[in-house]
Amino acid sequence: MGYAQLVIGPAGSGKSTYCSSLYQHCETLGRTIHMVNLDPAAEHFSYPVSTENHRHLEDNLDDWLDEQLEGYLDDDYLVFDCPGQIELFTHVPVLRNFVEHLKRKNFNVCAVYLLDSQFVSDVTKYISGCMASLSAMIQLELPHINILSKMDLVSNKKDVEEYLNPEAQVLLSQLNRQMAPTFGKLNKSLAELVDDYSMVNFIPLDLRKESSIQYVLSHIDNCIQYGEDADVKVRDFDPEED
């Protein structure tokens, strides 16, 4: 059994910075993880890259993945830093096919969706981020963790608390204050959609704090059952040698 994080989110949401901080955190703990960059446009990395893919994702991904996975053993933990084009994880099937391939190779996979905390400064941007996250949940059909990134840039943490577990009435009230009355029904539908699914909630991440990184990692590990499936290695006991 292998384990994997699929790190997704809009461009600029801090995916590569998250991957770099996660690698450093695990290195400090003495825990081995392997970083895989899937962005063909990436040229410089802030973390050691075990492998990368600079070929066309949709046409060559399966062949490339088969080749790369041959070098990994049971219990290996992979972190895939994905491109920022949201269509790849909302409606284009390439990442879904990629996930299905990982599953066939006996990997437990979790989607880690990053949203820039600056999105909560405007409720319309926040709703847009929630809808993209919800689309990714439906498209990928994976255990899913939403992270509110760049919390170190938020001056007043209380400003974002109501967005971590959003309530329909709060969102609706804020939308109605910002938008014309003609959008009332649309606002109501969007707020209820977020509320009905009860899945779009966020974990705040402040990369300056090791405790924050560990908190996020523990949630992800729980989603993919990391460590729970590890074989218990028991030394054979020979009573004649006692």
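In what sense do strand 1 and strand 5 pair, and over how many bridges? They pair in the parallel sense, over seven bridges. The model described here is predicted. The points below cover the paired strands, the covering of two of them, the helices around helix 5, and two residues with positive phi.

**Strand pairing**

- Strand 1 covers residues 2-8, and strand 5 covers residues 107-116.
- In the pairing of strand 1 with strand 5, A4 stands opposite V109.
- Strand 1 also runs parallel to strand 4 (residues 77-81), and five bridges join the two.
- A4 has a counterpart here as well, standing opposite L78 in strand 4.
- Strand 5 pairs with strand 6 in the parallel sense over six bridges.
- Within strand 6, H144 is the residue that A111 stands opposite.
- Strand 6 pairs with strand 7 (residues 203-204) too, in the parallel sense and over two bridges.
- I147 of strand 6 stands opposite I203 in strand 7.

**Burial of strands 1 and 6**

- Strand 1 is mostly covered, with seven of its seven residues buried.
- One side of strand 1 carries G2, A4, L6 and I8, and the other carries Y3, Q5 and V7; these are all buried, and both faces are covered.
- Strand 6 is likewise mostly covered, with six of its six residues buried.
- H144, N146 and L148 lie on one side of strand 6 and I145, I147 and S149 on the other; both faces are covered and these residues are all buried.
- H144, which stands opposite A111, is therefore among the buried residues of strand 6, since buried means under 20% relative accessible area.

**Helix 5 and its packing**

- Helix 5 spans residues 123-140 and forms a right-handed β-α-β unit together with strand 5 and strand 6.
- Helix 4 (residues 94-104) packs on helix 5 at an angle of about 45 degrees, and their axes are 9 Å apart.
- That angle makes helix 4 oblique to helix 5.
- The crossing of these two helices is right-handed.
- L95, R96 and V99 of helix 4 make the contact with I138, Q139 and L140 of helix 5.
- Helix 7 (residues 168-178) also packs with helix 5, at an angle of about 130 degrees and with the axes 9 Å apart.
- Helix 5 is therefore oblique to helix 7, because an angle of about 130 degrees is neither over 145 nor within 65 to 115.
- On the helix 5 side of this pair, V123, T124, Y126 and I127 meet L171, Q174, L175 and Q178 in helix 7.

**Positive phi outside glycine**

- Where is E141 placed? E141 is in the loop between helix 5 and strand 6 (144-149).
- E141 is not a glycine, yet has a positive phi of about 55 degrees.
- K150 is in the loop between strand 6 and helix 6 (158-164).
- K150 is not a glycine either, and has a positive phi of about 60 degrees.
- Is K150 buried, partly exposed or exposed? K150 counts as partly exposed because its relative accessibility is 28%, and partly exposed lies between the 20% and 50% limits.

Methods: Residues numbered from 1 in each chain as written. Predicted model: local features only at pLDDT ≥ 70, side-chain atom pairs only at ≥ 80, totals over all residues. Heavy atoms only, no water. Helix = DSSP H or I, 4+ residues; strand = E, 2+ residues; numbered from the N terminus. Buried < 20%, exposed > 50% of the residue type's maximum accessible area, 1.4 Å probe, protein only. Pairing = 2+ DSSP bridges. Right-handed = clockwise from strand over helix to strand, strands pointing away. Axes fitted to C-alpha atoms, helices over the stretch in contact; angles between N-to-C directions. Parallel < 35°, antiparallel > 145°, perpendicular 65-115°, else oblique. Left-handed = near helix turned anticlockwise from the far one by under 90°. Contact = heavy atoms within 4.5 Å.
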